[in-house]
Amino acid sequence: MKIRKNQWIAGMAAAAAAAGLFLTPLPARAAAAHTSQVDMVDLIAPALLKNTDPVGVALQLSTAMRYGQITQGDIWEMMGKGYAIPSQTLKILADGGQISGFLYRQATKTAPTCEDLKEVLDMAYYVNHNPSVLARVQDGSLPYTDEAVAADFMTNGMAQGLTGNEEFQLDIFKANYPDLVKNIGGDNATCYVYYLIYGKEQGLVADHRI
């Protein structure tokens with residue numbers, strides 16, 4: 001049975017510590033921002049609830065994604081509804097490029113790398129295009145390492161609306177999609193996270209005005 005969805009799980013604002021991540025809920029009015037169709041949930045749910053066959057679950061999810069029946073946003077919504085998707089399953093999907101490294105890291109509550117955040121963050125670009133960040137790297141208060149820069153971007157850069165790469169420019173994103181930004185709450189970090197989870201799949205543009 002095909003189920004029409006007009007709801008996405010609150011729970012994806014950015015907050016991090018170097019040793020792990022936790023999620024901050026989005027406002028309820030963000031529900032209207034994501035619309036998708038799922039027609040394999042009834043098939044997949046038993047395997048998810050049993051949580052005994054990570055490879056089998058990965059195959060089911062991978063097949064559904066390949067045929068456009070679910071998206072990575074739907075997988076995140078399923079997890080938010082209590083389906084215990086094994087971490088090994090998510091690792092298989094992330095390694096295969098079917099879900100983002102960011103989603104995998106958030107789901108497993110592990111610290112992201114710059115690669116996991118590549119849709120919005122390039123390490124050298126972030127440091128060299130933000131004077132305040134560059135100053136902290138130069139004085140040694142921010143180590144110039146993948147883990148430290150990624151954590152700084154998650155905890156400081158997103159909230160401040162700092163530019164992390166050429167692909168995602170926060171001011172352009174907000175100008176291109178004012179209604180979406182309003183629906184998801186409008187704060188800077190939430191815009192980055194929305195783009196990471198849904199932006200690529202929805203074909204959103206954040207590097208030039210449309």
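For sorting residues here, Ala, Val, Leu, Ile, Met, Phe, Trp, Tyr, Cys and Pro count as nonpolar, Asp, Glu, Lys and Arg as charged, and the others, Gly among them, as polar. The model is a predicted one, where local features need pLDDT of at least 70, side-chain atom pairs count only at pLDDT 80 or more, and totals for chains, interfaces and linings use all residues. Residues are numbered from 1 along each chain as its sequence is written, and side-chain values use heavy atoms, with hydrogens and water left out.

**Exercise 1. Get to know the chain.**
Describe the chain's helices, strands, burial and surface.

Solution. Start with the fold: you'll find eleven helices and four strands (DSSP runs numbered from the N terminus, H or I of at least four residues for helices, E of at least two for strands). Next, burial: of the 210 residues, 50% are buried. Buried means under 20% relative accessible area, exposed over 50%, and partly exposed in between, with a 1.4 Å probe and protein chains only. Then the surface: about 9700 Å² is accessible, and carbon and sulfur atoms own 53% of that. These areas come from the Shrake-Rupley method with a 1.4 Å probe, and for residues only the protein chains shown count as cover. Last, contacts (heavy atoms within 4.5 Å): among those between residues at least 6 apart in sequence, 70% join residues at least 24 apart.

**Exercise 2. Explore the largest pocket.**
How much space lies in the largest pocket, and which residues line it?

Solution. First, the method: on a 1 Å grid over the protein atoms alone, a pocket is an open set of points where a 1.4 Å probe fits, with protein on both sides within 12 Å along at least five of seven lines. Grid points are joined across faces, edges and corners, and the volume is the space filled by probe spheres set on the points. The largest pocket holds about 260 Å³. Its lining (residues with an atom within 4 Å of a point) has 17 residues, and Gly97, Ile99, Ser100, Gly101 and Glu119 are the closest to the centre. Helix α11 (residues 188–202) contributes the most, six residues. By type, the lining splits into five nonpolar, six polar and six charged.

**Exercise 3. Follow Leu90.**
Is Leu90 buried or exposed, and what is it in contact with?

Solution. Find Leu90 in helix α4 (residues 87–95). Leu90 is buried because its relative accessibility is 2%. Skip the neighbours within four places in sequence, and Leu90 is in contact with Ile75, Met79, Ile85, Ile99, Tyr104 and Ala107. Now look across to Ser100: the two are ten residues apart in sequence, and their C-alpha atoms are 9.6 Å apart.

**Exercise 4. Walk along α5.**
Which residues of helix α5 are buried, and what follows α5?

Solution. In α5 (residues 101–108), the buried residues are Phe102, Leu103, Tyr104 and Gln106. After α5 comes Lys109, in the loop between α5 and α6 (123–128). Lys109 is not a glycine, yet its phi is positive, about 55 degrees.

**Exercise 5. Compare Ser62 and Gln160.**
Place each residue in its helix and decide whether it is buried, partly exposed or exposed.

Solution. Ser62 sits in helix α2 (residues 54–66). Ser62 is buried because its relative accessible area is 9%. Beyond residues up to four places away in sequence, Ser62 touches Leu93 and Gln98. Gln160 belongs to helix α8 (residues 146–160), and at 49% relative accessibility Gln160 is partly exposed.
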